[in-house]
Amino acid sequence: MRERWRARAAELGLDREAILRAVGRERPGPTELRIEELARAVTATRSHFDRRDVVQAVADALPNGAPVADIERVADAFLAPEEVIPVSRTPRAERFTTKTVWEIERRALARADRMRIATDRPAVPEVVIARVLSARPSLKADQRQMVERLLADRSGLAAVIGEAGTGKTYALLAAAEGWSAAGVEVRAVAPTWRAANVLRSEGLEATSIARLLAQLDRADELGRPGLAQGSVLLVDEAGMVDSATLARLLDRADAAGAKLVLIGDPAQLGEIEAGGLFAAMARRGDPIVLDQVIRHSHELDREAAKRIREGEGAEAFSRYAAEGRVTIAADPQERRELMAADWWQSFREGEDALMVAKRNAEVENLNRLARELMCAEGRLGAKEIEVGGERFAAGDHAITRVNDHRAEIYNRERWRVAEVDAEARTVAWTASTPQGGCVSMPSSWSGLMGATGRRRCSTPTRRRPTRPRGRRWTPPL
């Protein structure tokens, strides 16, 4: 094959020198890798690493391959200089971090310690706290304690840790009401627009962390004020925020004399980029802990969720299997059909049912089966239109996968097709939120995906959706 490739290339005048001129240079060999590039690669998704992680990073940087001995030699050389710092040793391996990450975490933790012992942040009067609590008699004991501590505390930093289903958001809304009643400005952010929209749907104005930081950077450039002095900045899902971003939030809050409240669970979804700072900050302080799960109505679900959170997934699975909660299929196709049938049984009874799959191809298969079931029962309109490479009819469900703040459309929002106009090539969508909301968009708009399953999506080229004429415009959220 190599000889055939060389012969075909020679016919086109592509010899080695011509290819190198076009590409610019040869791909690097092991000894040509830069320490800075390896440092960025090995800490892209983790703060600390071991030798195996470095070997993997070296191999990933060499698409042409290299002898194993050369790769190991470069990995060991990377671990030798002062830029890499050993942080722990276990019987299995020694763990390291880079000097850059070490400095970010060291400065952030020192700032967090100073903010934690501060006493100059605004406290809410006791009468306001009592009024907030009396207005919510359904608050559990740990939720009431959370609200009281947050509103009465004058420190600059507070951490709230609670596993899924403990009512963090409900208690947080109560605290936000208390601050507002006392005249304290409250701003809320989350690492993703999806998480921010959960807060928005509960009545708390929120945005993404990336957008807030961009707004604050822009305010600095224009010489305008950023965070209000003495305000409160709430960060939901703080366990998903990477260390560098969390350090920036600490800097911003401290500079404004604002109180930073971090809410999350280090044992749930982790950071996409190098993280661990939230967990370290919680360990060093006295976090507010919510440990009474109210989301699950069945004791088995509460126990299983606790076991999974503590890393005992096999035990949780065994309990589910013993209680008949697990369905075992003979092959992948049978599993898909059973999943789709189970989803359809719940969905047509009005439940907010959802299928979850890991791979995009599996999601597409499940969506196809689900759509066939909907079509067989007459749940879809006869007219179809293509949007973003997919066919949609009235009754179809979809998820937006772009952000359009002017039109108040956000990534991961769920929508239902209200009607299609084949002649005008437009689709009218209704938001699947308690507030409803309708938007009309052209068929060339490609920010959608099927909504009976979930998958990761890249952002397509988009056109701003048009507001329907002759109808009142209602924001989706």
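**Helices, a crossing and two cores**

The secondary structure of this predicted model comes to 17 helices and 15 strands. Of the chain's 477 residues, 41% count as buried.

User: Why are helix 4 and helix 5 called oblique to each other?
Analyst: Look at the angle. The axes of helix 4 (residues 51-60) and helix 5 (residues 68-79) cross at roughly 120 degrees. Roughly perpendicular covers 65 to 115 degrees, and roughly antiparallel needs over 145. The angle fits neither class, and helix 4 and helix 5 are therefore oblique. Their axes come within 9 Å, and the crossing is right-handed.

User: What makes the contact between helix 4 and helix 5?
Analyst: Helix 4 brings R51, V54, V55, V58 and A59. Helix 5 brings I71, E72, V74, A75, D76, F78 and L79. By class, nine are nonpolar, three are charged and none is polar. Arg, Glu and Asp count as charged, and R51, E72 and D76 are in this contact.

User: What makes a set of residues a nonpolar core?
Analyst: The residues must be buried, of nonpolar kinds such as Leu, Met and Trp, and joined through side-chain atoms within 4.5 Å. The largest such core here has 35 residues. M146, L150, W179 and L234 have the most contacts inside it. Helix 9 (residues 168-181) gives the largest share, seven residues. Apart from this core lies another, of 31 residues, among them L109, V189, I209 and F278.

User: Which residues does W179 touch?
Analyst: Leaving out residues up to four places away in sequence, W179 touches V124, L150, L151, V184, V186, V232, L234, K259 and V261.

Conventions
Residues numbered from 1 in each chain as written. Predicted model: local features only at pLDDT ≥ 70, side-chain atom pairs only at ≥ 80, totals over all residues. Heavy atoms only, no water. Axes fitted to C-alpha atoms, helices over the stretch in contact; angles between N-to-C directions. Helix = DSSP H or I, 4+ residues; strand = E, 2+ residues; numbered from the N terminus. Parallel < 35°, antiparallel > 145°, perpendicular 65-115°, else oblique. Left-handed = near helix turned anticlockwise from the far one by under 90°. Contact = heavy atoms within 4.5 Å. Buried < 20%, exposed > 50% of the residue type's maximum accessible area, 1.4 Å probe, protein only.
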